Amino acid sequence: MEYMVRFIQMHEEFRRPELDAIAELLELDITWVAYDENSPFAIIAINQADDPTAAAKRLVSRAIMVSAVFELWGFGDSYDTLHADIKNRSSHVWPSYQECSFRFEMDAYHSSHTHAQRRSVFESLSYMAFRGPIVMSTPDERFTIFEDYDLDSNVPKQVLFGRYLGEGGRKAMSTYDLKKRSYISTTSMDAELSLVTANMAQCAPGKLAYDPFMGTGSFPVSCAHFGSAVFGSDLDGRSIRGKKGRSVMSNFKQYSTASLYFGGLAADLTNSPLHTRRFLDAIVCDPPYGVREGLKVLGHAKESLQHEVILNNGMKAHLQADYIPPKRPYSFLRMLDDIMDFSASRLVNGGRLCMWMPVAGAPEDADGDTAGEQETEEYAIPQHPALVVVRSRRLLTYKRIPDEEVDAEALAAVQLLRLQLESNGHADLGANDLNAFRKKYFQGFKTPLFQQFHPEPRDQSRRPEPST
C-alpha cells in the first residue's frame with residue numbers, strides 16, 4: 001500500500017529532508033514514489049514494515065512540515081483515470097468500510113469549488129457502495145479527494161483519493177509559539193523552524209543535544225520536545241540567567257521539560273569546558289555570523305589582560321555576580337572552522353550537526369534579472385573529513401562518520417592547518433573575511449518590493465526625451 005503525504009506549501013526545501021531524517025531515526029525504509037516542490041501532495045511507499053499503516057502514522061506524527069497522511073486509494077491525471085485506479089487499487093478493502101460512519105472531503109490546491117460541484121464529485125464515488133451513516137463531526141472514517149492545479153489553470157494536473165490516517169506534528173507550533181513563551185529575545189528562532197531543526201538533528205529520548213550559541217534556548221527547548229536531554233552555552237551568560245524571574249530554565253518549566261535541561265554555560269567554542277571525547281548525539285545552532293556587528297569570543301585581545309583579575313578586596317573578579325566576561329574580535333571563517341572541528345571531536349558516530357547559514361541568493365542586476373550561478377555559489381559550505389553533508393542549503397546538516405571511514409590524509413591536513421592558525425596567535429582575527437559576505441547578504445535581499453518603498457535617487461541624466 002502506498003501513502004499520500006499532505007505537506008504544507010511553505011518552506012518547501014525542508015519538507016523532504018525532514019521526513020527523510022525522521023524515517024532514518026525510526027529505521028523506516030521509505031521510497032518517494034512522487035514528489036514535487038511545487039505541489040503539497042507527495043506519494044511514498046514504506047518497505048519491509050510489519051505494519052506499514054502504523055509506520056506511516058509514526059513517521060508523520062512528529063513532522064512539522066506535514067499536515068496529514070492518507071492511505072492512497074487512487075491516483076490519476078483526470079477523474080476518469082482516478083476512478084479506474086480506485087477500482088483497481090483499493091476495491092479489495094471496500095467491504096471493510098461499508099458499515100462505518102464516514103464523510104467525504106475535498107482539498108483543491110490552487111482552486112475552489114461550490115457546494116454543488118463538491119457534491120457531484122462525491123456522488124461519483126457511489127460505486128464503492130458505503131452503507132454507513134454520513135457523520136460530519138466525528139466519523140469513523142474520513143475520505144478526501146485531492147485536486148492539484150497549476151496556478152490559473154481550470155484543469156487539475158493530478159487527482160488523488162485517500163483514507164485519512166493521522167495528522168502531522170504541527171500542533172507543537174502552537175504550544176511553542178514565541179508569543180506565548182515566557183522568555184525570548186529579538187534573536188529567538190521561531191517555533192516552526194526550531195522544531196524542524198530538532199527533527200533534522202534526529203532528537204529523541206536517550207539522546208543528548210547541545211547548542212553552543214544558546215541565547216534564550218529556542219533550539220534546546222525544541223529538542224527537549226522530542227525527548228532529548230539538552231544543554232547549551234553562550235558567550236554572554238546573562239542571556240541564560242535572564243532577569244526578573246524569567247530565564248532559559250523558566251522556558252523549560254513552562255513546557256514541563258525541566259528534567260531534560262542540564263543547564264547552561266558561559267562559554268564559546270574557543271573556551272569550552274566540555275570534554276574532548278565524543279559523547280554528543282546532536283549539535284544544533286544558529287551561529288552569530290556578524291552580519292550587523294563584529295564577531296566576538298571570550299578573552300582579552302591584549303596579552304597583559306589575559307590573566308586572572310583580583311579585585312582590591314581580594315576576591316576574584318570572575319566570581320562576582322555582576323561579572324561580564326571580556327571579549328575579543330573573532331574571525332568569520334575561523335568560527336566556521338571551529339564549529340566543524342568541535343563537532344567532529346564531540347559527536348558520536350551518526351551524530352548530527354545542524355547549523356543555520358544565512359542565504360541571500362543572487363542579487364538582481366539593473367534589468368531585474370538575477371545574477372549568474374557563480375554568484376550564488378561563491379561561498380562554499382564548510383567541510384570536514386569526519387563530517388559528511390546531509391543537507392547543504394540554509395540549514396546545513398552533517399553526519400559524523402566512523403573514524404575508520406575518515407580520509408586520514410585529509411584529516412591530517414586539517415589538523416596541521418589548525419595548529420598553524422593557533423601558533424599564529426590568532427593573527428586572522430580581522431573582519432576582512434566578513435566584508436564580502438556582508439555585502440552579498442544585504443544586496444541579495446534587495447527586491448523590487450523593497451525598492452518600491454525605498455526608492456533610489458533618480459538619475460536625472462537618464463530622463464526620457466520629450467516627444468515631438
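Counting every side-chain nitrogen of Lys or Arg that lies within 4 Å of a carboxyl oxygen of Asp or Glu as a salt bridge, one arrives at 23 salt bridges. The model is a predicted one, in which local features need pLDDT of at least 70 and side-chain atom pairs count only at pLDDT 80 or more, while totals for chains, interfaces and linings use all residues. Residues are numbered from 1 along each chain as its sequence is written, and side-chain values use heavy atoms, with hydrogens and water left out.

The chain as a whole gives the setting for these pairs. Its secondary structure comes to 14 helices and 16 strands, where helices (H or I, at least four residues) and strands (E, at least two) are DSSP runs numbered from the N terminus. Of the 468 residues in the chain, 46% are buried; buried means under 20% relative accessible area, exposed means over 50%, and partly exposed is in between, with a 1.4 Å probe and protein chains only. Contact is taken as heavy atoms within 4.5 Å, and among contacts between residues at least 6 apart in sequence, 73% join residues at least 24 apart.

Side chains of opposite charge can pair when their charged atoms come close. One such pair is the salt bridge between Glu 105 and Arg 142, with an N to O distance of 3.3 Å. Because Glu 105 lies in strand β5 (residues 102-109) and Arg 142 in strand β6 (residues 141-148), the pair ties together parts that are 37 residues apart in sequence. Glu 105 is buried, at a relative accessible area of 19%, whereas Arg 142 is partly exposed at 25%.

A second salt bridge, between Asp 338 and Arg 418, has an N to O distance of 3.0 Å. Here Asp 338 belongs to helix α10 (residues 332-346) and Arg 418 to helix α12 (residues 408-423), so this pair ties together parts that are 80 residues apart in sequence. Both Asp 338 and Arg 418 are buried, and salt bridges that share partners join them with Arg 334, Asp 337 and Asp 341 into one network.

The salt bridge of Lys 171 with Glu 167 has its closest N and O atoms 3.3 Å apart. In this pair Lys 171 is exposed, with a relative accessible area of 59%, and Glu 167 is partly exposed, with 37%.

Two packed helices are described by the angle between their axes and the distance between the axes. Helix α6 (residues 191-200) and helix α7 (residues 218-225) pack at an angle of about 60°, with their axes 8 Å apart; the axes are lines fitted to C-alpha atoms, for helices over the stretch in contact, and angles run from 0 to 180 degrees between N-to-C directions. From α6, Ser 194, Leu 195, Thr 197 and Ala 198 meet Ser 218, Phe 219, Ser 222, Cys 223 and His 225 of α7.

Two residues stand out by their backbone. Gln 202, in the loop between α6 and β8 (208-211), has a positive phi of about 60° although it is not a glycine, and at 5% relative accessibility Gln 202 counts as buried. Glu 27, in the loop between α1 (12-25) and β2 (29-34), likewise has a positive phi of about 60° without being a glycine, but Glu 27 is exposed, with a relative accessible area of 75%.
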